[in-house]
Number of protein chains: 2
Amino acid sequence: MPATTSIRDVARVAGVSVGTVSNVLNRPQEVSADSVSRVNRAIEQLGYVRNDAARQLRAGVSSTVGFVVLDGQNPFFGEVVRGAEDEASRHGIAILYGNTDEDAAREGMYLDLFAEQRVRGVLISPYGDITARLERLRERGIRSVLVDRINGDGRFSSVSVDSVAGGRMAVEHLIAVGRRRIAFVGGPFGMRQVVDRLAGARAAAEGSTERVDIEVVATGALTVEEGVRAGRRILERPRRDWPDALFAASDLLALGLLQSLIVDGALLVPDEIALIGFDDIAFAGAAAVPLSSLRQPSRAIGQTALRVLLEETADPDLIPRRTVFQPELVVRASTRGR
Amino acid sequence: MPATTSIRDVARVAGVSVGTVSNVLNRPQEVSADSVSRVNRAIEQLGYVRNDAARQLRAGVSSTVGFVVLDGQNPFFGEVVRGAEDEASRHGIAILYGNTDEDAAREGMYLDLFAEQRVRGVLISPYGDITARLERLRERGIRSVLVDRINGDGRFSSVSVDSVAGGRMAVEHLIAVGRRRIAFVGGPFGMRQVVDRLAGARAAAEGSTERVDIEVVATGALTVEEGVRAGRRILERPRRDWPDALFAASDLLALGLLQSLIVDGALLVPDEIALIGFDDIAFAGAAAVPLSSLRQPSRAIGQTALRVLLEETADPDLIPRRTVFQPELVVRASTRGR
DNA sequence: CGATTCATTTGATTCGTTTCAAATCGTTGG
DNA sequence: CCAACGATTTGAAACGAATCAAATGAATCG
């Protein structure tokens, strides 16, 4: 039986009341210097560690935040979590982490778990339609902030990136380096991000003084494997029908494309075909041909999401707000002009 | 003020006592079918959600496990966490996630946080020397399991991979595909894993009937950038002094090497130089030249670590034990014979 | 010197569960 | 018909920290 020392023991050793110990812990400025030091000495001596469950029960304030991520394997989300975690640690808050792998049941399970934990709030990059669930959480006093996705009717705060602008920037860049026959590789088109990036791409093509074609190569997901498959499909065509540039809706796709664009040990990228991705994950710069991409400020997204959440939990009357970051064009070898 | 409904409300609505409600929640088999259904109906009707803080306070059992990871950006650890999370969710346990980024202060902060939370246990891939800290946690009844690292004196359970065997397998494979001048790329040599992999490599060379040279190219870390740098250093040498194979101590290094091994748009890998990594992260297979590697069963590592932890917390008298997995050789294009 | 004020300190009460000894109820056996 | 038993149910007592009205003590003022 691990002899657990409580605030009571500390009080006894320090020769003060439990109320004073609690005050030293929570508002030392209202306690005499003498008491503070005696209590601290007692804490030290006993190796006392505050029991957060009791604190939370009585004070009604949790020191954890839940974060449900739909694709924990994607380095982009890894970075987002890192940003949130960084900010959280600054507030003495820990992150309850849940990965759903695009499984609605898991998503629900985590939200239930978080409700039992009475977390301070929830960050979520949602998979299924969970507005109803999040509403119910809110009725219980648990706010949520959507990450990398905006909610149609603005009932929840969100932190995301302007995908339309990103798509435009990508294609404008490809045009600037002299490409005219551009293929947009992405899918499924149920994903808002994919649709937006394509819309931006088309806008750039139409806005150009040159004649620029945008062809769509649809994929089933934003994964490396789908990228490889899409690349093979393109290479099957007669050489003169190849596009001279590919805009992939995500870096994972782009990495897959890159892998498929090797013929006889020689890379078609960037000379024959320019390639640009989206997200700027760490591996983009680390690819055999370093990948141009649109950087999402992933750390900042996580950090901001956590901040918004804390602000909202501090003042429940705040109305939800959207934060939209602008992506940033990062040019590397994969789109060098010929 | 979100009207929080308690077990008391449920009892009132169901027309039973709080004790019975608690029993329905925790040991329904000891309650009459009638009570069970009435209580469940009341729970449904009120939208009652158990308050885990109160439960933990009274029962003394937490439903969270802490996981401190030293490099959250490394996909390898991402997979390990995923494995642990998977197993945890099966037990209704959530994971408190902390990334230290090789920062001893952060590592300490998370352990403190976990202690306050009275987590069920701690999984940790340690950075600094934290045996003392973990001992203190244990005195408080919080057990720890080391992940991907073994503890010198066996005072803690650990789950890891046999790096010596992995190193041997890598070099045996390189020899089998006809390579004789092999460079081991890795560092720092303070890392147990690095030392072990090199030791395995040397053992393989010495065990061969052929004459095989193992040269060491030291790096400052197991990162992509260091890999690029190491690759450049090798290419600077006159061509006839190049090794004909590289064994990188991690896939991140190998990816960096791969990037540096492009000359005039043509890849030296695998024809001129074979390349093999370690870990088999998802991006290894997705590289421009799919990378051969030694697969660590990362999911299984996480899953096993969590299981060991739960077993130990269930029976505190269990003595620490080591679990060592064998790596598995995965052959891809980067080590194809010439 | 007593009254008043201000700064600290006190400790009983509370948060929502689990637990467990005691009470209740329906059966069964004598 | 009563005693004894097993199966359920009950409800008061924890768990450990936060809170806040009340008490204490020191300092100031008239």
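Trainee: Which element gives the largest share of the surface near DNA strand C?
Mentor: This is a predicted model, in which local features need pLDDT of at least 70 and side-chain atom pairs pLDDT 80 or more, totals for chains, interfaces and linings use all residues, and side-chain values use heavy atoms, without hydrogens and water. Residues are numbered from 1 along each chain as written, with chains lettered from A and ligands numbered from 1 in written order. Among the elements that give two or more residues to this surface are α2 (18–26) and α4 (52–59) of chain A (helices are DSSP runs of H or I of at least four residues, numbered from the N terminus). The largest share, four residues, comes from α4(B).

Trainee: Which residues come nearest to DNA strand C?
Mentor: There are 26 residues around DNA strand C, where near means a heavy atom within 4 Å. Sugar and phosphate account for 65% of the strand's atoms within 4 Å of the protein. The nearest residues are A:S32, A:S35, B:I7, B:R27 and B:Y48.

Trainee: How far is an N or O atom in the side chain of B:R27 from a phosphate oxygen of DNA strand C?
Mentor: Polar contacts are pairs of N or O atoms within 3.5 Å. A polar side-chain atom of B:N26 lies 3.2 Å from a phosphate oxygen of DNA strand C, and one of B:R55 lies 3.1 Å from a phosphate oxygen of this strand. For the side chain of B:R27 the distance is 2.8 Å.

Trainee: Which residue places a backbone N or O atom 3.5 Å from a base nitrogen of DNA strand D?
Mentor: Of the atoms of DNA strand D within 4 Å of the protein, 68% belong to sugar or phosphate and the rest to bases. Phosphate oxygens of the strand lie 3.2 Å from a polar side-chain atom of A:N26 and 2.7 Å from one of B:S32. The backbone atom 3.5 Å from a base nitrogen belongs to A:A54.

Trainee: Why is α5(B) described as parallel or oblique to α13(B)?
Mentor: Helix α5 (residues 75–90) and helix α13 (residues 298–314) of chain B pack with their axes 7 Å apart, at about 45° (axes are fitted to C-alpha atoms over the stretch in contact, and angles run from 0 to 180 degrees between N-to-C directions). Angles under 35 degrees count as roughly parallel, over 145 as roughly antiparallel, 65 to 115 as roughly perpendicular and the rest as oblique. The angle therefore makes α5(B), relative to α13(B), oblique.

Notes. A polar contact is a pair of N or O atoms within 3.5 Å; within protein, one must be able to donate a hydrogen and the other to accept it, and residues adjacent in sequence count only if both atoms are side-chain atoms.
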